[in-house]
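User: I'd like to learn how to read helix packing and burial in a model. Could you walk me through it, one feature at a time?

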Amino acid sequence: MPLITISAGVGCEAEKIARLVSEAAKIDLYDDQRLQQEAVRMGLRSEDLKGLDEKAPGFFDVLLGRSPELYLNIMESVIYEVSRSGQGVIMGHGSQFLLRDFGCAFHVLIHASEPYRIKQLTADGRLSSKAAEKMIRKTDHERRGFLRFSFHMEWNDPSLYDLVINTEKFGAEGAVKLILDALKSQGIQECGLTTLDAMERMSLMKRVEAALLKEQFSFTQFHVEAPEKGAIQIFGYTTTADNKERMLEAVRKVPGVSRVVDEVGVLPPGGY
(Lines give C-alpha, C1' and ligand atoms only; values in the text may rest on other atoms or scores of the structure.)
Protein backbone atom coordinates (compact mmCIF):
# COMPACT_ATOMS: atom_id res chain seq x y z
CA MET A 1 0.00 0.00 0.00
CA PRO A 2 1.51 3.39 -1.01
CA LEU A 3 1.73 6.64 0.85
CA ILE A 4 -1.32 8.85 0.41
CA THR A 5 -1.32 12.60 0.95
CA ILE A 6 -4.66 14.40 1.25
CA SER A 7 -4.87 18.17 0.92
CA ALA A 8 -7.97 20.32 1.30
CA GLY A 9 -9.46 23.47 2.71
CA VAL A 10 -11.74 23.44 5.74
CA GLY A 11 -15.29 22.27 5.10
CA CYS A 12 -14.40 19.84 2.30
CA GLU A 13 -14.83 16.77 4.56
CA ALA A 14 -11.15 15.86 4.11
CA GLU A 15 -10.74 14.69 7.72
CA LYS A 16 -13.63 12.24 7.36
CA ILE A 17 -12.34 11.03 3.99
CA ALA A 18 -8.81 10.52 5.33
CA ARG A 19 -10.09 8.58 8.34
CA LEU A 20 -12.30 6.30 6.21
CA VAL A 21 -9.46 5.65 3.73
CA SER A 22 -7.04 4.77 6.53
CA GLU A 23 -9.59 2.41 8.09
CA ALA A 24 -10.47 0.73 4.81
CA ALA A 25 -6.84 0.37 3.71
CA LYS A 26 -5.73 -0.56 7.26
CA ILE A 27 -2.95 2.01 7.31
CA ASP A 28 -2.08 4.76 9.81
CA LEU A 29 -3.61 8.22 9.64
CA TYR A 30 -1.22 11.12 10.24
CA ASP A 31 -3.38 14.11 11.10
CA ASP A 32 -2.24 17.17 13.09
CA GLN A 33 -2.41 15.39 16.44
CA ARG A 34 -0.58 12.28 15.25
CA LEU A 35 2.14 14.31 13.53
CA GLN A 36 2.80 16.20 16.75
CA GLN A 37 2.95 12.90 18.67
CA GLU A 38 5.48 11.59 16.15
CA ALA A 39 7.53 14.77 16.53
CA VAL A 40 7.72 14.28 20.30
CA ARG A 41 8.60 10.61 19.80
CA MET A 42 11.47 11.70 17.54
CA GLY A 43 12.91 13.74 20.41
CA LEU A 44 11.55 17.15 19.43
CA ARG A 45 10.37 18.92 22.56
CA SER A 46 6.74 19.99 22.74
CA GLU A 47 7.77 23.62 23.27
CA ASP A 48 9.59 23.52 19.92
CA LEU A 49 6.28 22.78 18.23
CA LYS A 50 4.44 25.86 19.49
CA GLY A 51 3.53 28.06 16.57
CA LEU A 52 3.89 25.20 14.08
CA ASP A 53 0.93 26.22 11.98
CA GLU A 54 0.22 26.71 8.30
CA LYS A 55 0.69 30.44 7.93
CA ALA A 56 3.44 32.56 6.48
CA PRO A 57 5.68 34.45 8.91
CA GLY A 58 4.45 37.95 9.60
CA PHE A 59 5.88 41.15 11.02
CA PHE A 60 4.93 40.32 14.60
CA ASP A 61 6.42 36.85 14.29
CA VAL A 62 9.78 38.48 13.51
CA LEU A 63 9.43 40.94 16.38
CA LEU A 64 8.73 38.11 18.79
CA GLY A 65 11.92 36.40 17.71
CA ARG A 66 10.23 33.38 16.22
CA SER A 67 11.97 31.37 13.52
CA PRO A 68 9.68 30.22 10.70
CA GLU A 69 12.61 28.35 9.15
CA LEU A 70 12.97 26.32 12.35
CA TYR A 71 9.29 25.40 12.41
CA LEU A 72 9.45 24.44 8.74
CA ASN A 73 12.46 22.19 9.28
CA ILE A 74 10.76 20.45 12.19
CA MET A 75 7.65 19.85 10.11
CA GLU A 76 9.63 18.54 7.14
CA SER A 77 11.62 16.16 9.33
CA VAL A 78 8.37 14.74 10.76
CA ILE A 79 6.82 14.24 7.29
CA TYR A 80 9.89 12.39 6.04
CA GLU A 81 10.09 10.36 9.24
CA VAL A 82 6.49 9.08 9.11
CA SER A 83 6.94 8.33 5.40
CA ARG A 84 9.74 5.87 6.17
CA SER A 85 7.22 3.06 6.72
CA GLY A 86 6.23 3.37 3.08
CA GLN A 87 2.54 3.63 3.82
CA GLY A 88 0.02 5.85 5.57
CA VAL A 89 -2.40 8.72 5.00
CA ILE A 90 -0.80 12.12 5.62
CA MET A 91 -3.01 15.17 6.04
CA GLY A 92 -1.67 18.40 4.53
CA HIS A 93 1.40 20.24 5.87
CA GLY A 94 2.99 20.44 2.42
CA SER A 95 3.31 16.65 2.21
CA GLN A 96 2.15 16.73 -1.42
CA PHE A 97 5.16 18.91 -2.21
CA LEU A 98 7.73 17.27 0.08
CA LEU A 99 6.99 13.81 -1.37
CA ARG A 100 6.50 14.95 -4.96
CA ASP A 101 9.67 13.23 -6.22
CA PHE A 102 8.80 9.86 -4.65
CA GLY A 103 6.81 7.83 -7.17
CA CYS A 104 5.24 5.71 -4.45
CA ALA A 105 3.36 8.68 -2.98
CA PHE A 106 -0.21 9.20 -4.20
CA HIS A 107 -1.44 12.78 -3.90
CA VAL A 108 -5.11 13.72 -3.55
CA LEU A 109 -6.72 17.16 -3.53
CA ILE A 110 -10.21 17.47 -2.04
CA HIS A 111 -12.16 20.58 -2.98
CA ALA A 112 -15.68 21.97 -3.02
CA SER A 113 -17.46 25.27 -3.62
CA GLU A 114 -17.60 27.85 -0.85
CA PRO A 115 -21.40 27.50 -0.35
CA TYR A 116 -20.99 23.75 0.10
CA ARG A 117 -18.15 24.24 2.58
CA ILE A 118 -20.21 26.76 4.53
CA LYS A 119 -23.07 24.26 4.66
CA GLN A 120 -20.76 21.60 6.10
CA LEU A 121 -19.42 23.93 8.79
CA THR A 122 -22.84 25.16 9.83
CA ALA A 123 -24.58 21.77 9.78
CA ASP A 124 -24.40 21.22 13.56
CA GLY A 125 -25.47 24.78 14.37
CA ARG A 126 -22.26 25.75 16.17
CA LEU A 127 -21.17 28.24 13.49
CA SER A 128 -23.17 30.91 11.73
CA SER A 129 -22.95 31.20 7.96
CA LYS A 130 -21.04 34.47 8.31
CA ALA A 131 -18.55 32.95 10.76
CA ALA A 132 -18.06 29.93 8.51
CA GLU A 133 -17.45 32.15 5.49
CA LYS A 134 -14.83 34.20 7.35
CA MET A 135 -13.18 31.04 8.68
CA ILE A 136 -12.92 29.51 5.20
CA ARG A 137 -11.44 32.65 3.66
CA LYS A 138 -9.01 33.19 6.54
CA THR A 139 -7.70 29.61 6.59
CA ASP A 140 -7.44 29.49 2.78
CA HIS A 141 -5.44 32.72 2.86
CA GLU A 142 -3.12 31.43 5.58
CA ARG A 143 -2.60 28.08 3.86
CA ARG A 144 -1.88 29.82 0.57
CA GLY A 145 0.63 32.11 2.29
CA PHE A 146 2.29 29.25 4.14
CA LEU A 147 2.86 27.18 1.02
CA ARG A 148 4.02 30.16 -1.01
CA PHE A 149 6.54 31.04 1.70
CA SER A 150 7.68 27.48 2.36
CA PHE A 151 7.71 25.91 -1.10
CA HIS A 152 6.94 28.72 -3.57
CA MET A 153 3.90 26.81 -4.75
CA GLU A 154 0.15 27.26 -5.03
CA TRP A 155 -1.64 24.67 -2.89
CA ASN A 156 -4.46 24.20 -5.43
CA ASP A 157 -2.14 23.71 -8.41
CA PRO A 158 -3.55 20.53 -10.08
CA SER A 159 -0.09 19.47 -11.30
CA LEU A 160 0.81 18.62 -7.67
CA TYR A 161 -1.90 15.96 -7.45
CA ASP A 162 -2.70 12.58 -8.97
CA LEU A 163 -6.40 12.80 -8.19
CA VAL A 164 -8.66 15.84 -7.68
CA ILE A 165 -12.10 15.17 -6.16
CA ASN A 166 -15.08 17.50 -5.78
CA THR A 167 -16.92 16.34 -2.66
CA GLU A 168 -19.89 18.49 -3.60
CA LYS A 169 -20.57 15.99 -6.41
CA PHE A 170 -19.24 12.75 -4.97
CA GLY A 171 -19.72 13.16 -1.21
CA ALA A 172 -17.27 11.82 1.37
CA GLU A 173 -18.14 8.15 0.79
CA GLY A 174 -17.85 8.57 -2.98
CA ALA A 175 -14.47 10.25 -2.57
CA VAL A 176 -13.24 7.35 -0.43
CA LYS A 177 -14.32 4.86 -3.11
CA LEU A 178 -12.54 6.86 -5.82
CA ILE A 179 -9.31 6.88 -3.81
CA LEU A 180 -9.45 3.18 -2.97
CA ASP A 181 -10.23 2.28 -6.59
CA ALA A 182 -7.34 4.46 -7.80
CA LEU A 183 -4.95 2.65 -5.46
CA LYS A 184 -5.61 -0.56 -7.40
CA SER A 185 -4.13 0.95 -10.54
CA GLN A 186 -0.96 -0.64 -11.87
CA GLY A 187 0.63 2.79 -11.95
CA ILE A 188 0.56 3.00 -8.15
CA GLN A 189 3.76 1.53 -6.75
CA GLU A 190 4.97 0.60 -3.32
CA CYS A 191 7.98 2.38 -1.84
CA GLY A 192 11.19 0.45 -2.46
CA LEU A 193 14.12 0.21 -0.08
CA THR A 194 16.05 2.92 -1.93
CA THR A 195 13.15 5.35 -1.55
CA LEU A 196 12.68 4.54 2.14
CA ASP A 197 16.40 5.06 2.74
CA ALA A 198 16.23 8.45 1.00
CA MET A 199 13.29 9.47 3.21
CA GLU A 200 15.20 8.43 6.34
CA ARG A 201 18.23 10.48 5.31
CA MET A 202 16.06 13.48 4.44
CA SER A 203 14.42 13.30 7.86
CA LEU A 204 17.81 13.24 9.58
CA MET A 205 19.06 16.19 7.50
CA LYS A 206 16.04 18.27 8.46
CA ARG A 207 16.47 17.44 12.16
CA VAL A 208 20.11 18.50 11.96
CA GLU A 209 19.19 21.76 10.22
CA ALA A 210 16.55 22.44 12.89
CA ALA A 211 19.11 21.82 15.64
CA LEU A 212 21.53 24.30 14.06
CA LEU A 213 18.83 26.92 13.62
CA LYS A 214 17.92 26.56 17.30
CA GLU A 215 21.57 27.31 18.12
CA GLN A 216 21.21 30.59 16.19
CA PHE A 217 23.30 29.52 13.20
CA SER A 218 21.89 30.76 9.89
CA PHE A 219 21.45 28.94 6.58
CA THR A 220 24.17 31.16 5.12
CA GLN A 221 26.68 29.51 7.48
CA PHE A 222 26.10 25.84 6.79
CA HIS A 223 25.05 23.19 4.29
CA VAL A 224 24.11 19.69 5.42
CA GLU A 225 24.17 16.38 3.53
CA ALA A 226 23.44 12.81 4.62
CA PRO A 227 25.53 10.57 2.34
CA GLU A 228 24.54 7.39 4.18
CA LYS A 229 22.43 6.21 7.09
CA GLY A 230 23.46 7.95 10.33
CA ALA A 231 26.20 10.02 8.66
CA ILE A 232 26.04 13.81 8.42
CA GLN A 233 28.47 15.84 6.36
CA ILE A 234 28.42 19.51 7.29
CA PHE A 235 29.97 22.27 5.20
CA GLY A 236 30.23 25.88 6.30
CA TYR A 237 32.03 28.39 8.44
CA THR A 238 32.00 30.06 11.85
CA THR A 239 33.87 33.07 13.18
CA THR A 240 35.58 31.33 16.13
CA ALA A 241 36.82 27.87 17.04
CA ASP A 242 34.38 27.81 19.98
CA ASN A 243 31.47 28.47 17.64
CA LYS A 244 32.64 25.69 15.36
CA GLU A 245 32.69 23.24 18.25
CA ARG A 246 29.23 24.42 19.30
CA MET A 247 27.99 23.80 15.77
CA LEU A 248 29.47 20.30 15.60
CA GLU A 249 28.21 19.44 19.09
CA ALA A 250 24.67 20.46 18.09
CA VAL A 251 24.90 18.03 15.17
CA ARG A 252 26.29 15.18 17.29
CA LYS A 253 23.40 15.50 19.76
CA VAL A 254 20.71 14.94 17.12
CA PRO A 255 19.14 11.48 17.62
CA GLY A 256 20.11 9.22 14.73
CA VAL A 257 23.48 10.85 13.99
CA SER A 258 26.25 8.29 14.38
CA ARG A 259 29.03 10.01 12.43
CA VAL A 260 29.84 13.63 11.59
CA VAL A 261 32.09 14.58 8.68
CA ASP A 262 33.53 18.01 9.49
CA GLU A 263 33.93 20.42 6.55
CA VAL A 264 33.54 23.59 8.64
CA GLY A 265 36.10 26.38 8.45
CA VAL A 266 36.85 29.20 10.88
CA LEU A 267 36.76 32.61 9.24
CA PRO A 268 37.25 35.70 11.44
CA PRO A 269 34.84 38.63 10.91
CA GLY A 270 35.75 40.43 7.71
CA GLY A 271 37.93 37.52 6.60
CA TYR A 272 35.64 36.30 3.83
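Analyst: Here is a walk through the chain, its helix pairs and a couple of single residues. Keep in mind that this is a predicted model.

User: Fine. How many helices and strands does the protein chain have?

Analyst: There are 10 helices and 8 strands in the protein chain. Of its 272 residues, 48% are buried. For the contacts, take those with a separation of 6 or more: 71% of them join residues 24 or more positions apart.

User: Next, helices. What span does α10 reach from its first C-alpha to its last?

Analyst: The general idea is to set the end-to-end reach against the one expected at 1.5 Å a residue. Helix α10, residues 241-252, has 12 residues and reaches 16 Å, close to the 16 Å expected. You can do the same with α9, which has 22 residues: its reach is 32 Å, close to the expected 32 Å. After α9 comes glutamine 216, with a positive phi near 75°.

User: Which residues of α10 are buried, and where do they fall when you look down the axis?

Analyst: The buried set is Lys244, Met247, Leu248, Ala250 and Val251. Seen down the axis of α10, these buried residues fall within an arc of 155°, so they line one face of the helix. As for what they pack against, the partners are helix α9 (193-214) and the strands β6 (222-225), β7 (231-238) and β8 (259-266).

User: So how do I describe two helices that pack together?

Analyst: Two packed helices are described by the angle between their axes and the distance between those axes. Try α9 and α10: their axes come within 9 Å and cross at roughly 140°. An angle over 145 degrees would count as roughly antiparallel, and α9 and α10 are therefore oblique to each other. Their crossing is right-handed.

User: Which residues meet there?

Analyst: From α9 you have Val208, Ala211 and Leu212, and they meet Met247, Ala250 and Val251 of α10. Those three residues of α10 are also among its buried ones.

User: Can we do another pair? At what angle do α6 and α7 pack?

Analyst: Helix α6 (residues 114-122) and helix α7 (residues 129-151) pack at about 120°, with their axes 9 Å apart. Roughly perpendicular covers 65 to 115 degrees, and α6 and α7 are therefore oblique to each other. This crossing is right-handed. On the α6 side, the contact is made by Glu114, Arg117, Ile118, Leu121 and Thr122. On the α7 side, the residues include Ser129, Ala132, Glu133, Met135 and Ile136, and also Arg137 and Asp140.

User: Let's zoom in on single residues. Is asparagine 166 buried or exposed?

Analyst: For burial, you compare the relative accessible area with a cut-off, and buried means under 20%. Asparagine 166 has 17%, so it counts as buried. You'll find asparagine 166 in strand β5, residues 163-166. Leaving out residues up to four places away in sequence, asparagine 166 touches His111 and Ala112.

User: And what about glutamate 168: where does it lie?

Analyst: Glutamate 168 lies in helix α8, residues 167-182. Its relative accessibility is 39%, so it counts as partly exposed. Glutamate 168 and alanine 112 are 56 residues apart along the chain, yet 5.5 Å separates their C-alpha atoms. With residues up to four places away in sequence set aside, glutamate 168 touches Ala112, Ser113 and Tyr116. Ala112, then, is touched by glutamate 168 and also by asparagine 166.

Definitions and conventions: Residues are numbered from 1 along each chain as its sequence is written. This is a predicted model: local features need pLDDT of at least 70, side-chain atom pairs count only at pLDDT 80 or more; totals for chains, interfaces and linings use all residues. Side-chain values use heavy atoms; hydrogens and water are left out. Helices (H or I, at least four residues) and strands (E, at least two) are DSSP runs, numbered from the N terminus. The expected span of a helix is 1.5 Å times one less than its number of residues. Buried means under 20% relative accessible area, exposed over 50%, partly exposed in between (1.4 Å probe, protein chains only). The arc is that of the directions from the helix axis to the C-beta atoms. Contact means heavy atoms within 4.5 Å. Axes are lines fitted to C-alpha atoms, for helices over the stretch in contact, and angles run from 0 to 180 degrees between N-to-C directions. Angles under 35 degrees count as roughly parallel, over 145 as roughly antiparallel, 65 to 115 as roughly perpendicular and the rest as oblique. A crossing is left-handed if the near helix is turned anticlockwise from the far one by less than a right angle, and right-handed if clockwise.
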